[in-house]
Structure formats: C-alpha cells, structure tokens
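Work through these exercises with the model open. Each task is followed by a solution in steps.

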Amino acid sequence: MQYFHANNKLTAEQKLKLLVEFGTRTSGEIRLDKLLDIIAQQITAILDVGRCTIYLKDVEKNELWSKIAQGRGLEHTEIRVPLDGNNAVSIVARTGEVINLPNAYEDPRFSMDVDMVTDFRTHTMLAVPLKNNSGKVLGVFQVANKADGTPFEKNDEGILTLLATLAGSSIEIAKLYQDVHVAQLETIYRLAITAEYRDQQDTRAHLKNISIISYLLARALGMGTKDSELIKNASPLHDIGKVALADHILLKPGKLTPEEFEIMKSHTVYGGRILEGAHSKVLKIAHKMSLYHHEKWNGKGYPNGLKGEEIPLEARIITVADVFDALCQFRVYKQAWKTEDAYEYILSESGISFDPRIVAAFKKIYPSIRKLYAHISVNKKTPVSGAAETQAAFESTDSSAHDATFRSMIENDKE
Ligand SMILES: [Fe+2]
Ligand SMILES: [Fe+2]
C-alpha cells in the first residue's frame with residue numbers, strides 16, 4: 001500500500017485518500033486489542049515513524065495503559081504510567097494539549113522508563129490527546145522518531161490529531177463493547193460459582209479447567225475461534241441446575257438412596273429450565289450443556305437417554321471436559337487421579353460414554369492438557385495410581401450430588 005508521508009506536502013486528493021483508507025480500516029473492528037493494533041500500524045506507516053504507542057485511560061487505577069505498541073522492542077508489552085505524573089503523556093491526558101519534543105532526552109517532561117525496558121532510544125516525540133465526540137480525553141496517541149530523523153512539524157501534529165479524532169469513536173465503541181462482554185462473562189462465571197459453591201471447595205479450578213479443555217476440544221474438532229470461545233464461555237454453567245437441589249440431597253454425606261439419586265439427576269432438567277428460551281448465543285449453548293451433560297453416547301445417560309448424535313455436540317464436548325477434570329480433582333470419596341490415568345479412562349470410554357470423535361480430539365490435545373495440569377494447583381491429595389484403588393475409595397463417604405452422579409457413572413460403566 002502506498003502511504004503519504006507527513007513530511008511530504010500532501011495534495012487535497014492525497015489527504016482524502018489517506019483519511020478514507022484510515023476510516024475504512026478502523027471502522028467495523030469492535031475488538032479493542034485488534035482495533036488498537038490496526039490504528040497503531042496505520043499511524044506508524046502514515047507518519048513513517050519508529051514507534052507508535054496508544055495509551056488509554058484506566059480511570060479506576062488512575063493510570064494510562066498501553067498494550068499495543070508498534071516498532072522495535074515494544075510488541076506485546078504492557079506499559080502503565082500514572083495519570084497524575086509529570087511526563088509528557090500524562091500531561092497530554094490531563095490537559096488535552098499537544099506536546100511536541102524535538103529532543104526528548106533533553107526535556108524534563110520525557111520519561112526514559114519505557115526506553116530503558118525496551119531497548120529503544122527516543123529522539124523526537126509527539127503526543128496528542130485522543131478524544132471522544134464530546135471532547136472527553138480517552139487517552140493519548142504518541143509517536144517517536146521520524147524515519148528521516150527530522151523533528152515533528154506542525155503538519156505532523158495536524159495529521160496525528162486528525163487521526164486521533166477519526167479513531168475516537170471507534171475506540172469508544174470498542175471499549176464499550178469490551179466492557180459489556182467482560183460484564184457478561186463475569187456474570188456467567190459468578191452464576192456458575194453460585195451453582196457449584198455449596199458442594200465443592202475447588203469450584204474455581206474446576207470451572208477454569210473445563211473451560212480451557214472445552215475450548216481446546218472445540219478447536220481440535222475444527223471449530224473457529226469465535227464458536228470455540230462461545231463453548232468455552234458457556235461451559236461453566238453446565239451444573240447451574242444444582243441451585244434447585246435441596247441441601248439434604250446435594251450435601252448428603254452418605255450414599256444417596258435410589259430415590260434421592262433420581263432427584264439429584266433432575267439438576268439437568270432444572271438447568272435446562274433455567275436457561276430455556278435464552279436469546280444470546282452463549283446462553284443457548286449453556287442451555288444444551290446443562291440439560292444434556294449427563295447423556296451418554298450409548299444412550300444410557302440421563303435425563304432423556306439420548307444416543308449418539310442426538311446429543312448436541314456442545315454437550316458431548318462438555319461431558320468429556322467435565323469427567324476428565326472431576327477425575328483429576330480430589331473428592332471426599334476419592335483421591336485425585338493421576339492425569340495419565342484419567343486420560344486412559346477417557347480413551348477407554350470412547351463409544352461408550354463419549355463420542356469417539358471427541359475422544360480422538362482429546363487425544364490430539366492431550367499434550368497441552370498434560371502441561372496445563374502440571375502447572376495448575378489442583379486440590380490434590382496423594383495421587384493414586386489406578387482405577388482399582390479409586391474404586392475402593394468410592395466405597396467411602398460421598399459429599400456431593402454431582403460427584404455422586406459422576407461416581408455412579410463410572411461404577412455403572414464398570415459393570
Ligand atoms: Fe452435572
Ligand atoms: Fe462439573
């Protein structure tokens with residue numbers, strides 16, 4: 001692509017072309033990280049500079065942060081500077097004025113901190129405010145070192161200010177979108193914790209692990225990142241129906257009677273009812289997961305005894321992730337299985353409890369899973385070596401309905 005460098009005199013036509021190009025590339029991108037990346041790339045090319053850094057305000061922490069920075073030494077580095085500091089970027093964010101330093105190291109307003117950690121030497125620097133439509137400062141666009149070595153001119157100030165104005169509303173929309181997305185995820189996650197909180201001490205670890213495994217499985221099955229993300233984000237809600245179970249069943253220390261076990265199974269139906277008719281994609285998936293995560297490939301699961309591909313794919317995925325992680329966790333009635341043994345169990349259940357296609361995907365991602373479990377602190381007691389010892393451990397007391405389901409599932413399959 002042909003860029004028009006700011007140090008050249010631009011014709012009206014060239015200016016227009018440049019702005020259209022910038023506008024086209026930045027509009028329509030709602031993922032904040034991606035958007036900031038595109039903007040920084042464009043500015044680096046348009047102004048022909050060594051580095052472009054986009055700082056956004058973090059009002060809560062009273063800081064400016066930048067994740068995306070182009071140019072030598074700064075890729076994927078998060079920089080944070082105090083909003084009330086005396087360096088140029090903080091001043092621009094506070095006052096909304098433009099700061100142009102022809103000799104950065106000789107100006108007391110320039111902080112060398114970032115240069116020092118990134119092996120970069122700033123010679124010239126220009127910083128302009130990033131404002132929204134109503135003139136509120138959202139952050140700062142900063143560029144350094146023009147390729148031809150000359151200081152930034154009035155023309156550069158004008159162009160950078162214009163680009164900041166053009167990008168302002170896109171950035172604001174992307175930020176709002178991100179806030180809503182984060183709020184949605186947080187709500188889902190906290191709801192899921194509510195459901196699991198009563199009967200499991202290691203809820204967080206369990207929910208985190210199954211999200212990761214579900215995501216990896218979806219990817220290995222050939223799903224795109226967006227669909228895989230949805231599966232990942234929906235997975236913590238699989239046991240939401242447990243909120244409807246009475247304490248005397250969910251928290252019963254001993255073995256459940258057959259009648260109690262029937263009631264316990266109903267957590268799938270309750271989960272289905274809670275999430276029925278959901279409109280968002282993520283909750284629609286969560287609905288299928290919560291209703292069908294105890295169905296089995298051979299049709300011997302519950303609540304509906306669905307068989308094979310009658311079971312929605314999302315539910316077949318969460319089932320494998322859920323069982324694998326439950327095996328690896330310590331429970332009152334059982335030791336934590338060794339990762340390897342849990343893996344062998346999943347393989348052995350291919351075509352019985354689990355969809356063979358998903359077990360094959362699990363096999364594919366197992367190296368990543370093994371790494372994951374080597375690093376996370378699961379609530380482990382001494383791992384036991386095999387199913388026989390665990391079977392013995394099953395004979396001891398039980399503290400959770402979900403685990404009772406899980407235990408019965410393994411026991412039935414061993415028949
Ligand atoms: Fe369950
Ligand atoms: Fe679970």
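**Exercise 1. Find how many residues lie between strand 1 and strand 2 in their hairpin, and which turn residue has a positive phi.**

Solution. This is a predicted model.
- Step 1. Locate strand 1 at residues 49-58 and strand 2 at residues 63-66.
- Step 2. The two strands form a hairpin, and four residues separate them.
- Step 3. Check phi in the turn: Asn62 has a positive value of about 55 degrees.
- Step 4. Look at the pairing. Strand 1 and strand 2 are antiparallel and share three bridges. Lys57 stands opposite Leu64 in strand 2.

**Exercise 2. Identify the other partner of the hairpin's second strand, and sort the residues of strand 2 into a covered and an uncovered face.**

Solution.
- Step 1. Strand 2 is also joined to strand 4, residues 79-82, by four bridges. These two strands run antiparallel.
- Step 2. Take one opposed pair: Ser66 faces Ile79 in strand 4.
- Step 3. Now the faces. Leu64 and Ser66 form the covered one. Glu63 and Trp65 form the uncovered one.

**Exercise 3. Describe how helix 5 and helix 6 pack: what is the angle, and how far apart are the axes?**

Solution. Two numbers are needed: packed helices are described by the angle between their axes and the distance between the axes.
- Step 1. Helix 5 spans residues 154-197 and helix 6 spans residues 203-220.
- Step 2. The angle is about 125 degrees, and the axes are 10 Å apart.
- Step 3. Roughly antiparallel requires an angle over 145 degrees, and roughly perpendicular covers 65 to 115. The pair of helix 5 and helix 6 is therefore oblique.
- Step 4. The crossing of helix 5 and helix 6 is right-handed.
- Step 5. List the contact. Helix 5 supplies Tyr189, Ala192, Ile193, Glu196 and Tyr197; helix 6 supplies Thr203, His206 and Leu207.
- Step 6. Classify these residues: five are nonpolar, two polar and one charged.

**Exercise 4. Repeat the analysis for helix 6 and helix 7: at what angle do they pack?**

Solution.
- Step 1. Helix 7 covers residues 225-234. It packs on helix 6 at about 155 degrees, with the axes 8 Å apart.
- Step 2. The cut-off for roughly antiparallel is over 145 degrees. Helix 6 and helix 7 are therefore roughly antiparallel.
- Step 3. Their crossing is right-handed.
- Step 4. On the helix 6 side, the contact uses Ser211, Ser214, Tyr215, Ala218 and Arg219. On the helix 7 side, Asp227, Ser228, Ile231 and Lys232 take part.
- Step 5. Sort them: three nonpolar, three polar and three charged.

**Exercise 5. Decide whether Ser170 is buried or exposed, and find which residues it touches.**

Solution.
- Step 1. Place Ser170 in helix 5.
- Step 2. Count neighbours. Ser170 has 21 C-beta neighbours inside 10 Å, so it counts as buried. The threshold is 20 or more.
- Step 3. Setting aside residues up to four places away in sequence, Ser170 touches Thr26, Ser27 and Leu35.
- Step 4. Look along the chain. Ser170 and Leu36 are 134 residues apart, yet their C-alpha atoms are separated by 9.7 Å.

**Exercise 6. Find which peptide bond leading into Pro303 is cis, and trace what Pro303 meets.**

Solution. Most peptide bonds are trans.
- Step 1. The bond from Tyr302 to Pro303 is cis, with omega near 10 degrees.
- Step 2. Pro303 sits in the loop between helix 11 (281-292) and helix 12.
- Step 3. Val269, in helix 10, touches Gly241 and Pro303, leaving out residues up to four places away in sequence.
- Step 4. Val269 and Pro303 are 34 residues apart in sequence and 7.0 Å apart in space, C-alpha to C-alpha.
- Step 5. Val269 has 16 other C-beta atoms within 10 Å, so it is partly exposed.

**Exercise 7. Compare two positive phi values: where do Asp48 and Asn145 lie?**

Solution. Most residues other than glycine have a negative phi.
- Step 1. Phi of Asp48 is near 55 degrees. Phi of Asn145 is near 55 degrees.
- Step 2. Asp48 is in the loop between helix 2 (32-47) and strand 1. Asn145 is in strand 7.
- Step 3. Asp48 has 19 other C-beta atoms within 10 Å and is partly exposed. Asn145 has 20 and is buried.

Terms used: Residues numbered from 1 in each chain as written. Chains lettered and ligands numbered in written order. Predicted model: local features only at pLDDT ≥ 70, side-chain atom pairs only at ≥ 80, totals over all residues. Axes fitted to C-alpha atoms, helices over the stretch in contact; angles between N-to-C directions. Parallel < 35°, antiparallel > 145°, perpendicular 65-115°, else oblique. Left-handed = near helix turned anticlockwise from the far one by under 90°. Contact = placed C-beta atoms within 7 Å. Nonpolar A, V, L, I, M, F, W, Y, C, P; charged D, E, K, R; others polar. Buried ≥ 20, exposed ≤ 12 C-beta atoms within 10 Å, placed from the backbone. Pairing = 2+ DSSP bridges.
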